[in-house]
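Reader: Could you show me how to read a protein model feature by feature, beginning with the general idea and then turning to the case at hand?

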Amino acid sequence: CLFARAVQPEEVDGWWLAAGSLVAGLAFLSRQQGALILPAVVLFLVVTGRLRFNLASVRLWLLLVAPAALITAGYYIWLRSTGVPPQVQSAFLREALAEGWSGTWWLLRHLTFVELIYLGFFTLPIMAAVIPAIRRVFREQAGAGLLVSWLWSIIAITGVALFWQRGALMPYISQFFGSGGLGPPDVLGSRPKLLAPNTRGALTLACLVATLLLGMCVGRALNLAVANRTAGPVSRENSVAGLVLCILLGQVAGVLPPSYHYIGWTAGSLDRYLLPLAPLAIALALWTLRDISIVPALGWLVVAGMFAFSVAGTRDYLVYLQAVWQMADVAVA
């Protein structure tokens, strides 16, 4: 939101850039994937001509880069001063080099499909609200947008078919959300599978339909954006959407480095690496539907179902952990 406020039609507000950079630095402290926010913003500002490599832009460069750079540098100085080497971060680099191009290509193919399906999962309530307007969305597919939506659909349908044949169903990269419900299965013995194959199959099909609808909405919005660009200057709304898209693509790329550790596993990654995509995908999905009448009640029904599952699943996991600790106390006694 801070970076979006900085993007003005004719200029860039430097102080909002600085505020956004500060928050991006804090995001990096929360998870190293946040380091990719700033490069994505820089790429957008340079490509759109709002930031140039000249003396007049020096102030903007400093306001944009300095806060996040200082936070990042301070973090690594503190980390080195503790005398504890960042073994996990170093291991990611070693594993990436060890896997080489073949491992990278496998991850790219695997994660491209998985991320498309999870984008459908993240936007499931919104896509449910779009169903009454699906004829209009389908009818307005054309040009480059049609190519995008078809490519999106081919990847999603082919991936679901191949995974289904192997018996793999949503959630595909389970850690905090899997067949055992909510919560990481890190305790020895873990929990029984609570979600039956029929339930997971239904969830898979729902996410597939949602991502197919999302792909069509993206294709349609792309056509509208191109048409508006041809007709006149880019609107601030479209500029902000472009900024959010760049940040989203940066976070998509951020899923790759930690996933090298899971090459060859059925999952190939962990669901928590995809969490930064959720708010960005929801924002872009709403942008693609800004001129379409949707039925919010359908979306709120899905939200209510997710809410009920989340509350019940969280309680189940807490009760499970309580039982584990009680058993540990008995064993120690």
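Author: What follows is a conversation about confidence, a helix, a peptide bond, salt bridges, a surface patch and some distances.

Reader: Where should a careful reading begin, and what is the average pLDDT of the chain?

Author: Begin with confidence, since this is a predicted model. Where pLDDT is low, the predicted coordinates should not be read in detail. Here the chain averages a pLDDT of 88, and 94% of the residues score at least 70. Among the elements of the chain, the lowest mean pLDDT, 81, belongs to helix H1 (residues 2-6), while the highest, 96, belongs to helix H6 (residues 124-130).

Reader: How do I read a helix, and how many residues does helix H4 have?

Author: The general idea is that an α-helix has 3.6 residues a turn, so residues three or four places apart point the same way. Helix H4 (residues 58-81) has 24 residues, and from its first C-alpha to its last it reaches 32 Å, which is close to the 34 Å expected at 1.5 Å a residue. Its buried residues are Leu60, Trp61, Leu63, Leu64, Pro67, Ala68, Ile71, Tyr75 and Leu79. Leu60, for instance, has a relative accessible area of 13% and is therefore buried, the cut-off being under 20%.

Reader: At which residue of H4 does a kink lie?

Author: The kink lies at Ala66 and amounts to about 35°, and the proline Pro67 follows shortly after.

Reader: What kind of peptide bond joins Met170 and Pro171, cis or trans?

Author: As a general rule, most peptide bonds are trans. The bond that joins Met170 and Pro171 is cis, with an omega of about 0°. Pro171 itself is placed in the loop between H8 and strand E1 (177-178).

Reader: How should I look at salt bridges, and how many does a search of the whole structure find?

Author: The idea is to look for a side-chain nitrogen of Lys or Arg within 4 Å of a carboxyl oxygen of Asp or Glu. A search of the whole structure finds five such salt bridges. Arg136 and Asp291 form a salt bridge in which the closest N and O atoms are 3.7 Å apart. This pair links distant parts of the chain, 155 residues apart, with Arg136 in helix H7 (residues 134-139) and Asp291 in the loop between helix H12 (277-288) and helix H13 (296-332).

Reader: Which residue forms a salt bridge with Glu140, and what does the pair tie together?

Author: Glu140 meets the side chain of Arg220, with 2.4 Å from N to O. Glu140 lies in the loop between H7 and helix H8 (143-165), whereas Arg220 lies in helix H9 (residues 197-231), so this pair ties together parts that are 80 residues apart in sequence. Arg220 also forms a salt bridge with Asp291, where the closest N and O atoms are 2.7 Å apart. Because Arg220 is in helix H9 and Asp291 is in the loop between H12 and H13, that pair ties together parts 71 residues apart in sequence. Seen together, Arg136, Glu140, Arg220 and Asp291 are linked in a network of salt bridges.

Reader: Is Arg220 buried or exposed?

Author: Arg220 is buried, with a relative accessible area of 2%. Its partner Glu140 counts as partly exposed at 30% relative accessibility, and Asp291 counts as partly exposed at 35%. Arg136 is also partly exposed, at 28%.

Reader: Which residues form a nonpolar patch on the surface?

Author: The patch is formed by Leu22, Val23, Leu26 and Leu29, which together have about 340 Å² of accessible area. Val23 lies in helix H2 (residues 14-30), and with a relative accessible area of 42% Val23 is partly exposed.

Reader: How do I compare separation along the chain with separation in space, and what distance lies between the C-alpha atoms of Ser269 and Trp106?

Author: Take each pair in turn and read both values. Ser269 and Trp106 are 163 residues apart along the chain, and their C-alpha atoms are separated by 12 Å. Ser269 is found in the loop between helix H11 (256-259) and H12, and Ser269 is buried at a relative accessible area of 1%. For Leu60 and Ser174, 114 residues apart in sequence, the C-alpha atoms are 42 Å apart in space. Ala156, in helix H8, is 98 residues along the chain from Val58, and the C-alpha atoms of these two are separated by 44 Å.

Technical notes: Residues are numbered from 1 along each chain as its sequence is written. Side-chain values use heavy atoms; hydrogens and water are left out. Patches are made of residues with over 30% relative accessible area and no salt bridge: like charges are joined within 9 Å, nonpolar side chains (Val, Leu, Ile, Met, Phe, Trp, Tyr) within 5 Å. Accessible areas come from the Shrake-Rupley method with a 1.4 Å probe; for residues, only the protein chains shown count as cover. Helices (H or I, at least four residues) and strands (E, at least two) are DSSP runs, numbered from the N terminus. Buried means under 20% relative accessible area, exposed over 50%, partly exposed in between (1.4 Å probe, protein chains only). pLDDT is the predictor's confidence in each residue, from 0 to 100. The expected span of a helix is 1.5 Å times one less than its number of residues. The bend at a residue is the angle between axes fitted to the seven residues ending there and the seven starting there.
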